Amino acid sequence: MTYNFQGVSQESITLLEMNRFNNNKPFYEEHKKEINEGVRQQLGALTLDLAEDLYALDENMLVSPKKVSRIRRDTRFTKDKTLYRANVWVIWHRALEEGDMAPGLWCEISPRSVDNGIGFWRASPSFMAFFRSDLRENATPFLEAFVPLIEAGYQVLGECYKRPKPGTEELPEALQKIYNLKELYFIYTEPGVARAATPAFVDDMKQQIQLMKGMYRYLDGLYARFKALQG
């Protein structure tokens with residue numbers, strides 16, 4: 001099958017890294033076209049190639065080849081004033097209303113690795129409390145979605161509370177870290193950029209979406225129940 005995505009080369013990633021190192025507008029403007037065509041437009045093409053799979057996962061998924069992270073950083077609200085980033089990502093989730101959340105999938109390419117994952121960004125403390133309550137009452141639905149990801153090499157990342165939350169000791173040891181997370185997301189990482197260097201990466205990502213399907217539906221259903229309780 002012919003895909004829109006043709007791969008992100010090592011040369012493109014090296015140029016992205018050099019741009020961050022030089023950290024000045026003249027260098028960026030000189031190489032902007034190469035960077036955009038070699039990295040950002042390729043992730044946009046990946047979105048087009050995965051559109052059918054993403055819509056099959058959620059018919060309300062926001063799937064746009066333009067929803068790719070920018071190279072220029074917003075430095076207004078951070079102490080790090082580096083102008084440009086060396087990593088680029090694309091996130092797929094349904095359109096969000098003000099104050100709303102939704103589970104999302106993502107793919108990120110950096111000089112160090114190619115990652116993909118699933119989870120919530122900026123999950124509210126009240127939602128995470130609802131998640132902990134759900135685990136205590138019946139952990140089986142979560143485990144049915146979680147175990148295939150762990151077996152496929154996914155990791156659970158995120159900051160934990162310094163003090164264990166009440167009810168931690170009620171759960172199996174394997175779930176205690178997850179129970180104490182401030183955020184909820186799962187990530188698959190492969191070192192280097194070879195994974196995304198050819199059109200075969202589209203087939204890889206199609207398989208990853210199938211792997212993440214159970215977790216997406218668990219998280220989506222969990223959030224729907226949470227919202228219903230909020231009125």
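Colleague: Which residue of β6 stands opposite I118?

Modeller: In this predicted model, the residue opposite I118 is F186 in β6.

Colleague: What makes strand β4 and strand β6 a pair?

Modeller: Pairing requires at least two bridges between two strands. Eight bridges join β4 (residues 113-120) to β6 (residues 184-191), so the requirement of at least two is met and the strands count as paired. Their direction is antiparallel.

Colleague: Where do these strands sit in the sheet, and what makes β1 and β5 its edge strands?

Modeller: The sheet is open and has six strands in the order β1-β2-β3-β4-β6-β5, with antiparallel pairing. Strands β1 (61-62) and β5 (155-157) each pair on one side only, which makes them the edges.

Colleague: Why is the contact between R94 and D220 called a salt bridge?

Modeller: The criterion is a side-chain nitrogen of Lys or Arg within 4 Å of a carboxyl oxygen of Asp or Glu. The closest N and O atoms of R94 and D220 are 2.8 Å apart, so the pair satisfies the criterion. This pair links distant parts of the chain, with R94 in strand β2 (residues 88-94) and D220 in helix α6 (residues 200-230), 126 residues apart.

Colleague: Why is R94 called partly exposed?

Modeller: Buried means under 20% relative accessible area and exposed means over 50%. R94 has 22%, so R94 falls in between and counts as partly exposed.

Colleague: Which residues are joined with R94 into one network?

Modeller: Salt bridges that share partners join R94 with D58 and D220.

Colleague: How do R76 and D74 meet, and why are they assigned to separate exposure classes?

Modeller: Their side chains meet in a salt bridge, at 2.7 Å from N to O. R76 has 62% relative accessibility, which is over 50%, so R76 is exposed. D74 has 42%, between the two limits, and is therefore partly exposed.

Colleague: Are D204 and R195, which also form a salt bridge, buried or exposed?

Modeller: Both D204 and R195 are buried, and their N to O distance is 2.7 Å. Over the whole structure, the search finds eight salt bridges.

Colleague: What makes K32 eligible for a surface patch of positive charge?

Modeller: A patch residue needs over 30% relative accessible area and no salt bridge. K32, in helix α2 (residues 25-57), has 34% relative accessibility, so K32 passes the area limit. The patch of positive charge gathers K25, K32, R70 and R72.

Key. Residues are numbered from 1 along each chain as its sequence is written. This is a predicted model: local features need pLDDT of at least 70, side-chain atom pairs count only at pLDDT 80 or more; totals for chains, interfaces and linings use all residues. Side-chain values use heavy atoms; hydrogens and water are left out. Patches are made of residues with over 30% relative accessible area and no salt bridge: like charges are joined within 9 Å, nonpolar side chains (Val, Leu, Ile, Met, Phe, Trp, Tyr) within 5 Å. Accessible areas come from the Shrake-Rupley method with a 1.4 Å probe; for residues, only the protein chains shown count as cover. Lys and Arg count as positive and Asp and Glu as negative; His and the chain ends are not counted. The place of a charge is taken as NZ of Lys, CZ of Arg, CG of Asp or CD of Glu. Helices (H or I, at least four residues) and strands (E, at least two) are DSSP runs, numbered from the N terminus. Buried means under 20% relative accessible area, exposed over 50%, partly exposed in between (1.4 Å probe, protein chains only).
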